[in-house]
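This report describes selected features of the structure shown below, beginning with charged pairs and then turning to the overall chain, individual buried positions and surface patches.

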Amino acid sequence: MLKHVALLFLQLTLALIVSVDNQGWVLPLALGPVLVLDRGAFRVLVRGRLLLFLALMVGGVPLVVGTRSADVLGVPYSPEYVDASLLMLYRSLIMLVALRLFTRRIRLDELATSLQRTRFRQFGDAFALSLELLPQLRATSRNAWRAYRRGRGSSGLIAHTRDWTVDFVTNMLLYAERYSGEKVQGEAHE
Amino acid sequence: MEARRQTHYVAVFGTLWGLMEVTLGTALKGLRIPFTGLVMAACATVVILAGRRFARRRGSVVMMGGVAALIKVFSLGGFVIGPVWAIVFEGLLAEIVLTTFGLNRLSSMLTGVVLLGYTTVHPFVAQGVLYGSDIYTIYLEMLRKFAAVLHIADVDLVPVAGVYLACIAIAGSAAGLAGLRLGHDVDRNLRRKRLGERTPC
């Protein structure tokens, strides 16, 4: 767990310091571990809107803004904005891939346990409890949604939605209280 | 005992917020419904304020945001950076408002307005973090270029911004009051149900 956090921290630091001068060593250092550990993390980049945005940033922006003092095949462009766009591309690439690698390598329960051992103990406890409650709450919300749809029409939409929400949240709290109580009893028995 | 109770309130409202982001947020985005961010921020306001009625400790809203963000990070839809940061920032902003002013009508309305207002600028904040501050220079340059091409450089945008801010203020205040009311109603319902559980028929 700690090594994944350290790697993420290193990669995010590298994303912040990447520049035209140091890109030669920063990029391999930041993306090399991803190639070794989990190439699947690169799939986070295969999203149409993101690719279009990055393509426009690198290929389009230098043609429109800045002082167009250079040209390629007769098309003038701004070298200053080519550098700026490339840096943005590198930075976003490192950040997205690093965060994806982190979330692919870490299991939720492992994260909750680690948080409970740190200074964020209360948050760790809340998160661990949340994970334990999640399956039941998912089921409760599905049933509640069905009940909501069945009950619609008997009263006004807003009043019905409000009553349903109040009931749903109350039931969730009662379930959490019961679950927590049973857990405490179980721990006391042990 | 009280600490445990506070923890489970944080867990329940954080999970509720996270589930809402995963289900409703993904559905609205998938259906390409406009102003999804504003709708989700209004829903988050309601959950935060209802939750604050129970989890009154300082930092509880930040923790709810943390739980919701982690649920969103590890959800089936994959890691989408924008909404995750939005959840974390929303939790932080709501905590600042509620810690400063306490939980009352005015602070609830203010929380709603702040969260909906933040949602408007969130894409720029998130892009600033992801791409660096150069992105703002590029946006400003592009804006100037297009304004010059379309001859709209001299158009007064103040009335448009004013109308938009008024809409945000109304919607945010309504969401804040709805959250406060929800917390109150759930509290009453909870007491009634607890009493019902304890009283044999």
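## Salt bridges and their setting

In this predicted model, R53(B) and D187(B) form a salt bridge in which the closest N and O atoms are 3.2 Å apart. R53(B) belongs to helix α2 (residues 36-54) of chain B and D187(B) to helix α7 of chain B, so the pair ties together parts that are 134 residues apart in sequence. The two partners differ in their surroundings: R53(B) is partly exposed, with a relative accessible area of 25%, whereas D187(B) counts as buried at 13% relative accessibility. D187(B) falls in that class because buried means under 20% relative accessible area.

A further salt bridge joins the side chains of R188(B) and D185(B), at 3.7 Å from N to O. These two residues are 3 residues apart in helix α7 of chain B, and therefore about one helical turn separates them. D185(B) is buried, its relative accessibility being 6%. Salt bridges with shared partners also link R53(B), D187(B) and R191(B) into one network.

Charged pairing also reaches across the chains. R194(B) forms a salt bridge with E177(A), and the closest N and O atoms are 2.2 Å apart. This pair runs from R194(B) in helix α7 (residues 158-198) of chain B to E177(A) in helix α7 (residues 157-189) of chain A. R194(B) is itself buried, with a relative accessible area of 17%. Over all chains, the count comes to 11 salt bridges. In general, side chains of opposite charge can pair when their charged atoms come close.

The three pairs described above are set out here.

| Positive partner | Negative partner | N to O distance |
|---|---|---|
| R53(B) | D187(B) | 3.2 Å |
| R188(B) | D185(B) | 3.7 Å |
| R194(B) | E177(A) | 2.2 Å |

## Chain B as a whole

Chain B contains 7 helices and 0 strands, and its elements follow the order α-α-α-α-α-α-α from the N terminus on. The C-alpha trace of chain B spans about 75 × 35 × 30 Å along its principal axes. Of the 201 residues of the chain, 47% count as buried. When contacts in chain B between residues at least 6 apart in sequence are considered, 73% join residues at least 24 apart; the salt bridge between R53(B) and D187(B) likewise ties together parts 134 residues apart in sequence.

The area that chain B exposes is about 10,300 Å², and carbon and sulfur atoms supply 70% of it. Its charged side chains comprise 20 positive and 11 negative ones, with the centres of the two sets lying 13 Å apart.

## Two buried positions in chain B

T111(B) is placed in helix α5 (residues 105-131) of chain B and counts as buried, at 0% relative accessibility. Which residues does T111(B) contact, leaving aside its neighbours within four places in sequence? Its contacts of this kind are T45(B), L49(B), A94(B), V97(B) and L98(B).

G51(B) lies in helix α2 of chain B, the helix that also holds R53(B). G51(B) is buried as well, with a relative accessible area of 0%. With neighbours within four places in sequence set aside, G51(B) is in contact with F13(B) and M64(B). G51(B) and A27(B) are 24 residues apart in sequence, and their C-alpha atoms are 24 Å apart in space.

## Surface patches

Residues of both chains contribute to a positive surface patch, which is formed by R47(A), R49(A), K29(B) and R32(B). Within this group, R47(A) is found in the loop between α2 (23-37) and α3 (48-64) of chain A. R47(A) is partly exposed, with a relative accessible area of 36%, and so passes the requirement of over 30% relative accessible area for patch residues.

A nonpolar surface patch of about 450 Å² is made by L63(A), V64(A), V72(A), L73(A) and V75(A). One of these, V75(A), lies in strand β2 (residues 75-77) of chain A. V75(A) is partly exposed, and its relative accessible area is 39%.

How values were computed. Residues numbered from 1 in each chain as written. Chains lettered and ligands numbered in written order. Predicted model: local features only at pLDDT ≥ 70, side-chain atom pairs only at ≥ 80, totals over all residues. Heavy atoms only, no water. Patch = residues over 30% accessible without salt bridge, like charges linked within 9 Å, V, L, I, M, F, W, Y side chains within 5 Å. Areas by Shrake-Rupley, 256 points an atom, 1.4 Å probe, with all protein chains shown as cover. Salt bridge = Lys/Arg side-chain N within 4 Å of Asp/Glu carboxyl O. Lys, Arg positive; Asp, Glu negative; His and termini not counted. Charge placed at Lys NZ, Arg CZ, Asp CG, Glu CD. Helix = DSSP H or I, 4+ residues; strand = E, 2+ residues; numbered from the N terminus. Buried < 20%, exposed > 50% of the residue type's maximum accessible area, 1.4 Å probe, protein only. Contact = heavy atoms within 4.5 Å.
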